[in-house]
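Here are my notes on this one, written as numbered points. Have the viewer open as you go through them.

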Amino acid sequence: PRNFDDERNKLYLAVIEMVKQYKPKAFIIENVPGMATLYKGQIKEEILKRFRDMGYNIDCKILKACDYGVPQMRKRLIFMGIRKDLGEPCFPEAQFGPGTDRPYRTCRDAISDLPTRNTELGSNEDVYSQDAVTEYQKMMRKNCMVLSNHVATNHKDFVKETIALVLLSPTPAGKSL
C-alpha cells in the first residue's frame, strides 16, 4: 500500500522541499483529479497540512482546462498556496462554457489552420497552409509565420488501417468527428 512518504511519491516530496527551501510568495501545483480521493483523501489532506505547517494558506480544487480557454476537456487537481502574510488563495471563475457568454474552444478552433499530413511527414520548420482564421489561432500565432514541430509520426500500415477504421465508423446522432 502506498503512503505519503513512499519512495514512489518523490515528486510531491520534492515540491514540498522546494517550497520549504525557496519560500515563494505563492505556488500552484497540478495533478490528476484522482489524487483528491486517493486513500480516502489522506494524501491530499497530508499535502494541505504540510503546506499549512510551513506558513501557507492553501486550497485545492478540480478545474477543467476548457473553462479557461484551452481547447481540451481535461480535469486537473490544482493546489494553490499563498504565504499567510499575503492573503488567501482564490480560484478564478470559468471564462468559457456554460454560465458564460463564450462557448468552449474546440480542436477545430485550435488546429484547423495546420497543413494536413496525408502523404508527407513534415519538418521541424514549415509554413502554415492558410491564414489564421479563429481568434484562438490568431492569439497563438501572434506575429509568427513559421510553423514549428508539425511533424507526423511515421505509423506502420496496420496502425494507419486501424485509424482509418475509427475515422470511417459512424458517429452518434450524426455528429461529425
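**Notes on the model**

1. Start with the overall cover. Of the 177 residues in the protein, buried ones make up 29%. Keep in mind that this is a predicted model. The protein exposes about 12800 Å², and carbon and sulfur atoms supply 56% of that area.

2. Next, the layout. You'll find five helices and five strands in the protein. Going along the sequence, the pattern reads α-β-α-β-β-α-β-α-β-α. As for contacts, take the ones between residues at least 6 apart in sequence: 57% of these join residues at least 24 apart.

3. How many aromatic pairs does a search of the whole structure find? It turns up two. For anyone who doesn't look at these often, a pair of aromatic rings is described by how far apart the centres are and by the angle of the planes.

4. Take Phe27 and Phe51. Their ring centres are 4.5 Å apart and the planes sit at 40 degrees, so this pair is tilted; the tilted class covers angles that are neither under 30 degrees nor over 60. The pair links distant parts of the chain, with Phe27 in strand β1 (residues 26-31) and Phe51 in helix α2 (residues 42-53), 24 residues apart. Both Phe27 and Phe51 are buried.

5. Phe27 also forms an aromatic pair with Tyr56, and this one is edge-to-face, at 5.2 Å centre to centre with 70 degrees between the planes. Distant parts of the chain are linked here too: Phe27 is in strand β1 and Tyr56 in strand β2 (residues 56-64), 29 residues apart. Tyr56 is buried, as is Phe27. Put together, Phe27, Phe51 and Tyr56 form one aromatic cluster.

6. Have a look at Tyr128 as well. What sits over the ring of Tyr128? That would be the charged end of Arg141, 3.4 Å from the ring centre.

7. Last, back to strand β1, where Asn31 is found. Is Asn31 buried or exposed? Its relative accessibility is 17%, and the cut-off for buried is under 20%, so Asn31 counts as buried. Leaving aside residues up to four places away in sequence, Asn31 touches Tyr12, Arg76 and Leu77.

Terms used
Residues are numbered from 1 along each chain as its sequence is written. This is a predicted model: local features need pLDDT of at least 70, side-chain atom pairs count only at pLDDT 80 or more; totals for chains, interfaces and linings use all residues. Side-chain values use heavy atoms; hydrogens and water are left out. Helices (H or I, at least four residues) and strands (E, at least two) are DSSP runs, numbered from the N terminus. Buried means under 20% relative accessible area, exposed over 50%, partly exposed in between (1.4 Å probe, protein chains only). Contact means heavy atoms within 4.5 Å. Accessible areas come from the Shrake-Rupley method with a 1.4 Å probe; for residues, only the protein chains shown count as cover. Rings of Phe, Tyr and Trp (its six-membered ring) pair if their centres lie within 6.5 Å; planes under 30 degrees apart count as stacked, over 60 as edge-to-face and the rest as tilted. A charge sits over a ring if NZ of Lys or CZ of Arg is within 6 Å of the ring centre and within 35 degrees of the ring normal.
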